[in-house]
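This note is addressed to a colleague who is meeting the structure for the first time. Please read the numbered points with the sequence and the 3D view at hand.

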Protein chains: 2
Amino acid sequence: MRDVAVVARVSIKTVSNVVNNHPHVHPTTRSRVEKAITELGYRPNFSARGLRSGRTGVIGLAVPELRQNYFAELADAVIAAAEKRSLSVIVGQAGRDRQHEINVLANGLRQTDGLLFSPERLGTEDSAMLDDIDYPLVLLGERIFGGPTDHVTMDNITAARAAVQHLAEKGRTRIAVLGAHPDRREGQLRAADLRVRGYREGLALAELPHDRQLERAVAPWHQEDGARATNELLESGVEFDAIFALNDTLALGALRALGRSGRHIPDDVAVIGFDNITDGRFTLPSLSTVDAGRDEIAETAVAMLVERIDWGSGVRRPPRLHKAHFDIIERESTGGAPARPIDLGAGAK
Amino acid sequence: MRDVAVVARVSIKTVSNVVNNHPHVHPTTRSRVEKAITELGYRPNFSARGLRSGRTGVIGLAVPELRQNYFAELADAVIAAAEKRSLSVIVGQAGRDRQHEINVLANGLRQTDGLLFSPERLGTEDSAMLDDIDYPLVLLGERIFGGPTDHVTMDNITAARAAVQHLAEKGRTRIAVLGAHPDRREGQLRAADLRVRGYREGLALAELPHDRQLERAVAPWHQEDGARATNELLESGVEFDAIFALNDTLALGALRALGRSGRHIPDDVAVIGFDNITDGRFTLPSLSTVDAGRDEIAETAVAMLVERIDWGSGVRRPPRLHKAHFDIIERESTGGAPARPIDLGAGAK
DNA sequence: GTGAAAGCGCTAACAG
DNA sequence: CTGTTAGCGCTTTCAC
């Protein structure tokens with residue numbers, strides 16, 4: 001910067017003004033400085049800028065694993081939302097073990113102004129940690145009650161209820177659920193627990209009996225786990241005519257297992273997932289699902305985080321909760337018609 | 001840091017030594033400093049450290065779009081490889097338009113020590129840009145000849161040839177290829193162009209005729225594009241008994257379109273993709289594919305980038321090229337047996 | 001409109 | 001083993 005100043009025969013301050021698009025710089029001076037900048041190939045040092053301003057212009061996003069399509073799409077949306085605000089995003093994967101998540105939550109991601117955190121293994125028992133957080137934080141996807149932290153999530157219970165109701169309206173009476181958490185304890189509020197609760201409420205509303213055998217614990221929520229759980233369900237001999245998978249990835253596994261077992265979807269078994277990942281549009285049959293408002297979640301979360309950052313650590317602000325809208329997307333796996341024109345195969349009857 | 005020093009009654013330097021795990025610090029002093037650190041909740045400022053050292057400890061990864069599963073899995077692998085070296089990763093999505101890619105390439109990602117760049121829209125005509133790059137850069141996934149830049153890629157031609165040979169060995173003679181680049185010009189070396197070249201070579205080796213009508217231009221490489229192209233192929237009336245999709249995502253779209261048209265896979269049409277994304281293991285039928293060595297690519301690329309960073313901008317080092325190993329993965333879509341035990345459905349015949 | 005000087009938090013160099 | 005000093009590149013006063 002000093003070199004630029006020398007070449008342009010101005011002071012360092014003026015160079016700074018030009019770089020930061022400050023008003024009140026004489027056009028002639030400005031162009032002279034700009035010329036010097038290109039000439040010397042000058043590029044501002046953001047570390048230094050950050051040192052001065054206390055801001056890095058970078059936010060962190062911690063997800064369990066990017067290879068789960070939902071989180072990849074979420075990251076996509078978060079990065080896009082951040083870019084609109086000239087922020088970049090450091091992405092961390094913390095879901096592989098609990099300790100890793102604890103470390104991330106305790107320290108944030110280095111070099112960032114704040115963190116969007118989507119926990120996988122932390123639960124209500126860890127909510128005490130939240131009191132010690134001294135950096136801007138917004139939690140995604142789950143509600144840990146009583147915490148002092150902003151949350152962006154959706155109404156898991158109501159959405160799950162709606163999914164079950166959708167199946168019930170299709171005349172299904174033996175609805176299995178895939179993805180309950182293996183060690184379910186009272187008071188937990190993981191997405192899995194909330195959705196199972198919604199499932200039960202949905203059954204009750206539809207006046208369907210609740211059969212424990214139809215509640216299948218599955219973790220993690222990968223495709224192979226969905227396939228395995230479906231196979232177990234088939235082998236168990238329990239009757240069922242629908243599956244509600246607690247996320248789309250599980251549902252894709254279920255689709256495969258059902259297909260291989262010779263079951264017809266949706267005639268023998270209807271399937272609905274949760275998340276509305278892109279893949280679900282192009283399976284055969286295409287996958288009905290709950291659209292969980294991913295883009296709204298990303299946009300809101302980034303906006304909230306930016307506000308927290310701008311407020312600084314001075315005033316304590318009350319925690320906020322945003323619940324994104326959801327939608328039931330009916331596709332072929334629950335009897336919906338194929339979408340036109342793209343995913344309707346030629347010659348389809 | 002000064003506060004910590006005061007509380008621990010040592011100098012700032014000693015605090016620094018403790019924080020950086022320097023040797024030659026008296027255990028007593030160390031513990032006193034550590035106590036002060038927790039007491040005050042001190043956390044080092046990485047901007048300042050970066051300012052001093054000229055390093056940020058952050059690398060950039062620019063991919064076209066994270067929502068394409070291949071890139072999500074690549075990002076996953078890159079982040080994991082970076083974490084092993086205590087680096088974090090800023091992920092940018094630059095593939096939406098060409099100008100965006102040019103900007104990223106020209107400037108790198110701010111706040112980073114170097115960039116891993118997987119271009120989507122840039123081609124050989126842009127290779128001149130590479131001469132002006134003044135930061136550590138490693139290109140992923142495509143070879144732009146003659147550049148001064150490190151590349152990590154795979155042998156697209158040979159791999160594509162092997163895929164075609166695999167189909168030929170299965171007795172297929174009318175092999176369509178999905179995903180050729182729409183404006184194909186000579187001298188281009190995009191993955192699409194190289195793979196088409198491999199396709200042609202594979203046909204020649206198998207002594208199969210080359211039919212231009214079986215070469216389908218498709219862009220971008222999303223599932224819907226694969227489905228659409230397959231429908232067009234079906235409607236065109238051209239005979240074919242196999243599809244080689246230039247990536248798995250296209251192949252998934254093809255699987256759906258073929259299924260809806262009533263074609264049986266692999267009996268009527270065999271399908272092979274490219275990339276070995278996780279989804280391909282759980283479709284019905286599961287998808288044969290070319291494993292493109294994603295993890296090897298990520299690991300090598302990060303290692304190369306770290307070397308470039310360590311070398312500094314002083315000496316000009318010659319560009320390096322690493323080609324990852326590839327494998328043909330035979331699954332059901334080309335007649336392979338289902339994998340045991342997970343994705344074999346119960347009751348499968 | 002522009003310049004001069006101070007200082008953000010840290011580490012490297014050197015001294016003790 | 002520990003302390004002192006200087007300076008990384010930038011922005012922010014405050015003068016002019």
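1. DNA strand C is a convenient place to begin. It is surrounded by 22 residues, and the closest are A:Ser11, A:Thr29, A:Arg52, B:Tyr42 and B:Arg49. Of the strand C atoms within 4 Å of the protein, 67% belong to sugar or phosphate, while the rest belong to bases. The model is a predicted one, and the distances given below should be read with that in mind.

2. Individual approaches to DNA strand C can be named on both chains. The side chain of A:Thr14 places an N or O atom 2.7 Å from a phosphate oxygen of strand C. For the side chain of B:Tyr42, the corresponding distance to a phosphate oxygen of strand C is 2.5 Å. A base is also approached: a polar backbone atom of B:Ala48 is 3.5 Å from a base nitrogen of strand C.

3. Which elements give two or more residues to the surface near DNA strand C? They are H2 and H4 of chain A, together with H2 and H4 of chain B. H4(B) gives the most, with 4 residues. By class, this surface has 9 nonpolar, 8 polar and 5 charged residues.

4. DNA strand D is likewise surrounded by 22 residues, of which the closest are A:Met1, A:Tyr42, B:Ser11, B:Thr29 and B:Arg52. Among the atoms of strand D within 4 Å of the protein, sugar or phosphate accounts for 66% and bases for the rest.

5. Three approaches to the phosphates of DNA strand D deserve inspection. An N or O atom in the side chain of A:Tyr42 is 2.5 Å from a phosphate oxygen of strand D. A:Asn45 uses a backbone N or O atom, which lies 2.9 Å from a phosphate oxygen of strand D. From chain B, a polar backbone atom of B:His26 is 3.0 Å from a phosphate oxygen of strand D. The elements that give two or more residues to the surface near strand D are helix H2 (12-19) and helix H4 (46-53) of chain A, with helix H2 (12-19) and H4 of chain B. The largest share, 4 residues, comes from H4(A). The classes on this surface are 9 nonpolar, 8 polar and 5 charged residues.

6. The next topic is the interface of the two protein chains. Here 68 residues of chain B are in contact with 67 residues of chain A. The two chains bury about 5800 Å² between them, with 48% of that area on carbon and sulfur atoms. The interface holds 12 salt bridges and 24 residue pairs in polar contact, counting pairs with both residues at pLDDT 80 or more. The side of chain B that touches chain A takes at least two residues from each of helix H4 (46-53), helix H5 (69-84), strand S2 (88-93), helix H6 (98-107), helix H9 (223-236) and helix H10 (248-260) of chain B. H5(B) gives the most to this side, with 8 residues. The residues of this side divide into 26 nonpolar, 22 polar and 20 charged. A salt bridge joins the side chains of A:Asp76 and B:Arg96, at 3.3 Å from N to O.

7. Over all chains, a search of the whole structure finds 48 salt bridges. In one within chain A, A:Glu299 pairs with A:Arg85, and the closest N and O atoms are 2.7 Å apart. This pair ties together parts that are 214 residues apart in sequence, because A:Glu299 lies in helix H11 (residues 294-311) of chain A and A:Arg85 lies in the loop between helix H5 (69-84) and strand S2 (88-93) of chain A.

8. Some backbone details merit a check. Most residues other than glycine have a negative phi, and most peptide bonds are trans. The bond from A:Leu284 to A:Pro285 is cis, with omega near 0 degrees, and A:Pro285 lies in the loop between strand S9 (270-272) and strand S10 (289-291) of chain A. B:Leu284 and B:Pro285 are also joined by a cis peptide bond, with omega about -5 degrees. B:Ser86 is not a glycine, yet has a positive phi of about 60 degrees; B:Ser86 sits in the loop between H5 and S2 of chain B.

9. Confidence closes the note. Chain A has a mean pLDDT of 91, and 95% of its residues reach 70 or more. Over residues 345-349 of chain A, however, the pLDDT is below 50, and this stretch has 13 contacts in the model beyond near neighbours in sequence.

Definitions and conventions
Residues are numbered from 1 along each chain as its sequence is written. Chains are lettered from A and ligands numbered from 1 in the order in which they are written. Side-chain values use heavy atoms; hydrogens and water are left out. Contact means heavy atoms within 4.5 Å. Buried area is the accessible area (1.4 Å probe) that two parts lose on being put together, summed over both. A salt bridge is a side-chain nitrogen of Lys or Arg within 4 Å of a carboxyl oxygen of Asp or Glu. A polar contact is a pair of N or O atoms within 3.5 Å; within protein, one must be able to donate a hydrogen and the other to accept it, and residues adjacent in sequence count only if both atoms are side-chain atoms. Ala, Val, Leu, Ile, Met, Phe, Trp, Tyr, Cys and Pro count as nonpolar, Asp, Glu, Lys and Arg as charged, and the others, Gly among them, as polar. A residue is near a molecule or strand if one of its heavy atoms lies within 4 Å of it. pLDDT is the predictor's confidence in each residue, from 0 to 100.
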